[in-house]
Amino acid sequence: MRKTGDVTVDAMIEDLRTLVEIESPSRDLDSLVASAKAVAAVIECRLGGQAVLVESEAGPHVHWSAGEDPEVLILGHHDTVFPLGTLERRPFMVEDGHATGPGVFDMLGGLVQAVHGLATLDDLSGIEILVTADEEVGSRSSRALIEERALACGAVLVLEGAADGGALKTGRKGCGTFQVSIAGRASHAGLEPTAGVNALIEAAHQVLDIAALGRPDIGTTVTPTVASAGTLDNVVPAEATVIVDVRVESAGEKDRIESAFAALAPHLDEAEIAVQGAIGRPPMPESASAELFAVAKQLLPDLEGKAVGGGSDGNITAALGVPTLDGLGAVGGGAHADHEYLVIEAMAERANLVAGLVNAIRVSRR
């Protein structure tokens, strides 16, 4: 049975421990099933009602609704970037004012804070929670559901970890990944080096062309990150691949970059190029968060807002024109790194901020 009242940090830490100790790496379906069930159990214990597991090829998403007309969507994810076994090496710990362990900051801490903040409200009507299983790998299976619930609710609070210093994330770059595959022709590197078409040399040309697409002066970064080629040291490589990370601040740059990748052409005779990928998460302009950030500032006047380079599911909801505020989760740092941590002292304030925002959104609509 749900109990209202002040948030209890000790209870939040115990729920956080429960979620962290069920490892949930993206694409590990068995782990994600266990994680989704744990997330659902925490929601049901603290808020009542029933959390539904929405099956997908990427693992189960968790959806909870308090009923009535939907007014605000609490959005997060339960998958993490850390492989199974990380917990053994880096167990959940509380020490020196920090909680550490895989996923505490990105973003299990934010989920726990949101649920406990909502539990302080006497009235939960109009609130929905959606916790997806594939945010860290592109949200392909959850995107349609995210868009559906965001449009139905009309306002989105994203529980990703805060920016530096506890700032909310008021803007995000659009981001995507491209893979450039190069086909050449193998030959003996000693006997017939010119009989082949060297895919590695072609890849080198492509890397330089691709890197030149960046416009850091307007926020566009194009970064080749992974490359592979060749089979043996005495064989002209017949195949090569280059993977590229792209970040953009505007829709115009999204279009330019996607067109430029589609137009890549080989430098070597008989080499062939195939390109896959896109900027799957469009930019989240600061205008998308302005309304909700103003409300947050009324609740906590010292809050700051920052535009950041990383993407989240908030990019998806903002692109629909739905007011979206991000970075409402844990205060801490080290996302995706071994030193990931959550600041315990900030947990209650962030939980209450979520509750205050939900109340303000509902009041404005009634």
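User: Hello! Is R215 buried, exposed or partly exposed?
Analyst: Happy to help; bear in mind that this is a predicted model. The relative accessibility of R215 is 34%. A residue is buried under 20% and exposed over 50%, so the 34% of R215 falls in between and R215 counts as partly exposed.

User: Which residue meets R215 in a salt bridge?
Analyst: The contact joins two side chains, with 3.2 Å from N to O. The partner of R215 is exposed, at a relative accessible area of 58%. That partner is D217.

User: How many salt bridges does a search of the whole structure find?
Analyst: Side chains of opposite charge can pair when their charged atoms come close. One such pair is E128 with R149, at 2.6 Å from N to O. Over the whole structure, the number of salt bridges found is 16.

User: How many residues apart in sequence are E128 and R149?
Analyst: E128 belongs to strand β6, while R149 sits in helix α5 (residues 143–153). Both E128 and R149 are buried. Their salt bridge ties together parts of the chain, because the two residues lie in separate elements whose separation in sequence is 21 residues.

User: In which helix do E253 and R256 both lie?
Analyst: These two form a salt bridge, with the closest N and O atoms 2.8 Å apart. E253 is buried at a relative accessible area of 7%, whereas R256 is partly exposed at 29%. They are 3 residues apart, about one turn of the helix, and that helix is α7 (residues 251–262).

User: And which residues do salt bridges that share partners join into one network?
Analyst: Here the link is through shared partners rather than a lone pair. The network consists of E14, R17 and E21.

User: Turning to strand β3 (residues 72–77), how many of its residues are buried?
Analyst: In a regular strand the side chains alternate between the two faces of the sheet. On one side of β3, V72, I74 and G76 are buried, and on the other L73, L75 and H77 are buried as well. Both faces are thus covered, and the count of buried residues is 6 of 6.

User: Which residue in β7 does I74 stand opposite?
Analyst: β3 pairs in the parallel sense with strand β6 (residues 127–132) over 6 bridges, and there I74 stands opposite I129. Another 3 bridges join β3 to strand β7 (residues 156–158), again running parallel. In β7, the residue opposite I74 is L157.

Technical notes. Residues are numbered from 1 along each chain as its sequence is written. This is a predicted model: local features need pLDDT of at least 70, side-chain atom pairs count only at pLDDT 80 or more; totals for chains, interfaces and linings use all residues. Side-chain values use heavy atoms; hydrogens and water are left out. Buried means under 20% relative accessible area, exposed over 50%, partly exposed in between (1.4 Å probe, protein chains only). Helices (H or I, at least four residues) and strands (E, at least two) are DSSP runs, numbered from the N terminus. Two strands pair if DSSP finds at least two bridges between them. A salt bridge is a side-chain nitrogen of Lys or Arg within 4 Å of a carboxyl oxygen of Asp or Glu.
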